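Here are a few friendly notes to read alongside the structure. Take them one at a time, and keep the picture open while you do.

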Amino acid sequence: MTKINLTIQRKAIYEVVQHAEDHPTAADVIERLRSKGFNFAYGTVYNSLRYLTDVGLIRELKLGEAVSRYDARTEEHQHIVCSKCGRVDEVMDELPEAWIKSVQSSTGYAIAHAHVVLEGVCGQCATK
């Protein structure tokens, strides 16, 4: 098992992602760190996010946007994105096994991991 090296910076960044109700971007993380009195260099934040992703403490999400978002929930789950406001929520429903087998059969791939990003309009935007 790999020993995880949580420096003061990495611990502060991990806590921001862990306590986020949304899925923050690196810029969001930097802003939240500043509001807590931390003033880390951009490179430190980006490198720390990469490290935390590599050791499995957080997940990097590429949701079709130009920027990555980060999630402290590392168990298997999917995401849904509002096409109007950009809000991201978790989808805890399991992907249908029959669908995964069908994709494997039609593509010839042995699927090791699936991440589906759903897109729609959130309840708040739908009522506007």
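1. Let us begin with a term. A nonpolar core is a set of buried Ala, Val, Leu, Ile, Met, Phe, Trp, Tyr and Cys residues whose side-chain atoms lie within 4.5 Å of one another, joining them together. Please keep in mind that what you see is a predicted model.

2. Which residues have the most contacts inside the largest nonpolar core? They are Ile13, Val29, Leu33, Val45, Leu49, Leu52 and Ile58, and the core has 17 residues. Helix 1 (8–18), helix 2 (26–35) and helix 3 (42–54) each supply at least two residues of this core. Helix 1 gives the most, with five residues. As general background, nonpolar side chains in soluble globular proteins tend to be buried together.

3. Leu49 is a good place to zoom in. Leaving aside residues up to four places away in sequence, Leu49 touches Ile13, Val17, Ala26, Ile58 and Tyr70. Two of these names, Ile13 and Ile58, also appear among the core residues with the most contacts.

4. Now step back to the overall layout. The protein has five helices and five strands. Reading from the N terminus, the order of elements is α-α-α-β-β-β-β-α-β-α. Along its principal axes, the C-alpha trace spans about 50 × 50 × 20 Å.

5. How much of the protein is buried? Buried residues account for 32% of its 128 residues. The accessible surface comes to about 8500 Å², and carbon and sulfur atoms hold 50% of that. As for contacts between residues at least 6 apart in sequence, 49% join residues at least 24 apart.

6. Charges deserve a brief look too. The protein has 15 positive and 17 negative charges, and the mean positions of the two groups are 5 Å apart.

7. Finally, visit Ser68, in the loop between strand 1 (59–61) and strand 2 (69–71). Is Ser68 buried or exposed? Ser68 counts as buried because its relative accessibility is 15%, and buried means under 20%.

8. What does the side chain of Ser68 contact? A polar contact of 2.6 Å joins it to the side chain of Glu60, and another, of 3.4 Å, links it with the side chain of Lys62. Not counting residues up to four places away in sequence, Ser68 touches Pro24, Thr25, Ala26, Glu60, Leu61 and Lys62. Ala26 is worth finding in the picture, since Leu49 touches Ala26 as well.

Methods
Residues numbered from 1 in each chain as written. Predicted model: local features only at pLDDT ≥ 70, side-chain atom pairs only at ≥ 80, totals over all residues. Heavy atoms only, no water. Buried < 20%, exposed > 50% of the residue type's maximum accessible area, 1.4 Å probe, protein only. Helix = DSSP H or I, 4+ residues; strand = E, 2+ residues; numbered from the N terminus. Contact = heavy atoms within 4.5 Å. Areas by Shrake-Rupley, 256 points an atom, 1.4 Å probe, with all protein chains shown as cover. Lys, Arg positive; Asp, Glu negative; His and termini not counted. Charge placed at Lys NZ, Arg CZ, Asp CG, Glu CD. Polar contact = N/O pair within 3.5 Å; in protein donor to acceptor, adjacent residues only side chain to side chain.
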